[in-house]
Structures are given as structure tokens and as C-alpha cells.
Amino acid sequence: HFSRLLHKASSTRPICIFLDAVDLLSPEDGALGMSWLPSALPPHVRFVLSTSSEAQYGCYPVLCGLLCRHKDCFLEVPRLSTMECEEFLSHHTSSLHIQLTPRQYQVVLQYLLLCPLPLYLQLLMREAGDWTSDSDVSTESFPPASSIEGMIKHLFEQTERDYPVAMVLHSLGYITASQYGLSEAELMDVLSCDEQVTSELQAPPTPLQWSRLYHSLM
């Protein structure tokens, strides 16, 4: 069926499929073996895939084997340069309407240069968004972590301090355990039947409580 759909592409209605982080696909059903990837594409069809080249994921070597005759298909995305980091930081602060003092700007830039990745900057700006011009920022207290993994861990720990712990842990656990995710209504139903959550809140969780938790993680 998928192949038939691809053949419906035309010059006036081309098909471009973007798949990000295919290395994070579930290993079930041989997804990481990339057997689902067409060996040849019909006219007017393009695939753009991204994957980590780290050996622990194993997806990149498989792609190299499948596309061994098309090495020009591979494009390495390097880390941001110093100039790109400065431009990215300036654009990000402007788009989020965040005003940083020269000192705060330099501290954020200093750590962005050590981990020049867009996701890391987004996590840094979550912290910087609460600063005022009087906030005393030093490299000893900021950032909470110098890696994406550390920043995400800090985000979860901070969320657990700001919201009922059981609701945070169980909400994320249910979403992770579900195969295709949960709608808000489904999650609220599950949480309402969770004795630990209702005991901690002394009542079933409300949509407003979930909404606040959701937006704190976004």
C-alpha cells in the first residue's frame, strides 16, 4: 500500500517525506533494519532521513550498506560554529522576547559553545526565561548541566519539585508505556483510576492541573 501511494506522485504533486531521528525507532518488527525503506524511489519522490552516526544505535551502518552506491546522498550536519551560535542565540532571545544583560548573554553563549546544539540552547533558554536584569548569573550556578541529557534530567527534577510527584511520574510513565501515545481524555481517565495520584491530590486530577503540568514541560 505504501509503495502504491508513492507512485501517485507527479510533477505537479511531488512527495517529500522527512523522517527525523530514525535511530530512535523501536527495534520491534525490524524497524532498525530499514527493510521498510524503498530500495528505489518513483519519480518525484524524495526521502530525507536523519540519524546519529554513533555506533551504539546501529542505524547509520545499515543505511550506509543500503545506499553504498549513493554516497553523495549523505550529508553530515556539523555542530554550530561560534558565529552560528551567536546568531542562533540572538535570534532565539529575540523570538522569545527575552532580554539578557551583556553578562547574562555571555554566560549563556559560553556554555552554548561547549555544547553547540539547538536543543541544548532551547533548554538553556528555559532557565534564562525566568531571569530579570538583576539576576546574579555566574558560571558556577548556571547552567544546571553541560549536556542535553543533564538538562533534561534537571527539567524533570524541577518539575517534580513544582508539581505533585506521583502525577508527574505516572503521567510521563503512562505516555511512555502507550504504543501510540494518549489523548488528554484518555490520560485523565487513567490518572483518575490511579490510587497513588488521587491519594496525593486528595481527588481525581483536573484538566487544569494536567494543563499546567503539560505547559511546564513544553
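**Entry 1: α3 against α5**

I began with the contact between two helices, in which Phe88, Leu89, His92 and Thr93 of α3 meet Pro118, Leu121, Gln122 and Met125 of α5. By class, I recorded five nonpolar, three polar and no charged residues in the contact of α3 with α5. The model I am reading is a predicted one.

I then looked up the geometry of this pair. The axes of α3 and α5 cross at roughly 45° and come within 11 Å. Angles of 35 degrees and over but under 65 count as oblique, so α3 is oblique to α5. I noted the handedness as well: α3 passes α5 in a right-handed crossing.

**Entry 2: α3 against α4**

Next I turned to α4 and its packing on α3. I read an angle of about 130° for the pair, with the axes 10 Å apart. This angle makes α3 oblique to α4, because it does not exceed the 145 degrees above which helices count as roughly antiparallel. I entered this crossing, in which α3 passes α4, as right-handed.

On the α3 side, I listed Thr82, Cys85, Glu86, Leu89 and Ser90 as making the contact, and on the α4 side Tyr105, Val108, Leu109, Leu112 and Leu113. I sorted the contact of α3 with α4 into seven nonpolar, two polar and one charged residues.

I compared the lists and found Leu89 of α3 in the contact with α4 and also in the contact with α5.

**Entry 3: α4 by itself**

I checked the length of α4, which covers residues 102–114. At 1.5 Å a residue, its 13 residues should span 18 Å, and I found its end C-alpha atoms 19 Å apart, which agrees.

Which residues of α4 are buried? I noted Gln104, Val107, Val108, Leu109, Tyr111 and Leu112. These buried residues pack against α3 (82–95) and α5 (118–128). Among them, Val108, Leu109 and Leu112 also appear in the contact with α3. I kept in mind that residues three or four places apart in an α-helix point the same way, because there are 3.6 residues a turn.

**Entry 4: Leu119**

Last, I looked up Leu119, which is found in helix α5. Is Leu119 buried, partly exposed or exposed? I recorded Leu119 as partly exposed, because its relative accessible area is 41%, and the partly exposed class lies between 20% and 50%. I also took the separation of Leu119 and His44, which lie 75 residues apart along the chain: their C-alpha atoms are separated by 32 Å.

Conventions:
Residues are numbered from 1 along each chain as its sequence is written. This is a predicted model: local features need pLDDT of at least 70, side-chain atom pairs count only at pLDDT 80 or more; totals for chains, interfaces and linings use all residues. Side-chain values use heavy atoms; hydrogens and water are left out. Helices (H or I, at least four residues) and strands (E, at least two) are DSSP runs, numbered from the N terminus. The expected span of a helix is 1.5 Å times one less than its number of residues. Buried means under 20% relative accessible area, exposed over 50%, partly exposed in between (1.4 Å probe, protein chains only). Contact means heavy atoms within 4.5 Å. Axes are lines fitted to C-alpha atoms, for helices over the stretch in contact, and angles run from 0 to 180 degrees between N-to-C directions. Angles under 35 degrees count as roughly parallel, over 145 as roughly antiparallel, 65 to 115 as roughly perpendicular and the rest as oblique. A crossing is left-handed if the near helix is turned anticlockwise from the far one by less than a right angle, and right-handed if clockwise. Ala, Val, Leu, Ile, Met, Phe, Trp, Tyr, Cys and Pro count as nonpolar, Asp, Glu, Lys and Arg as charged, and the others, Gly among them, as polar.
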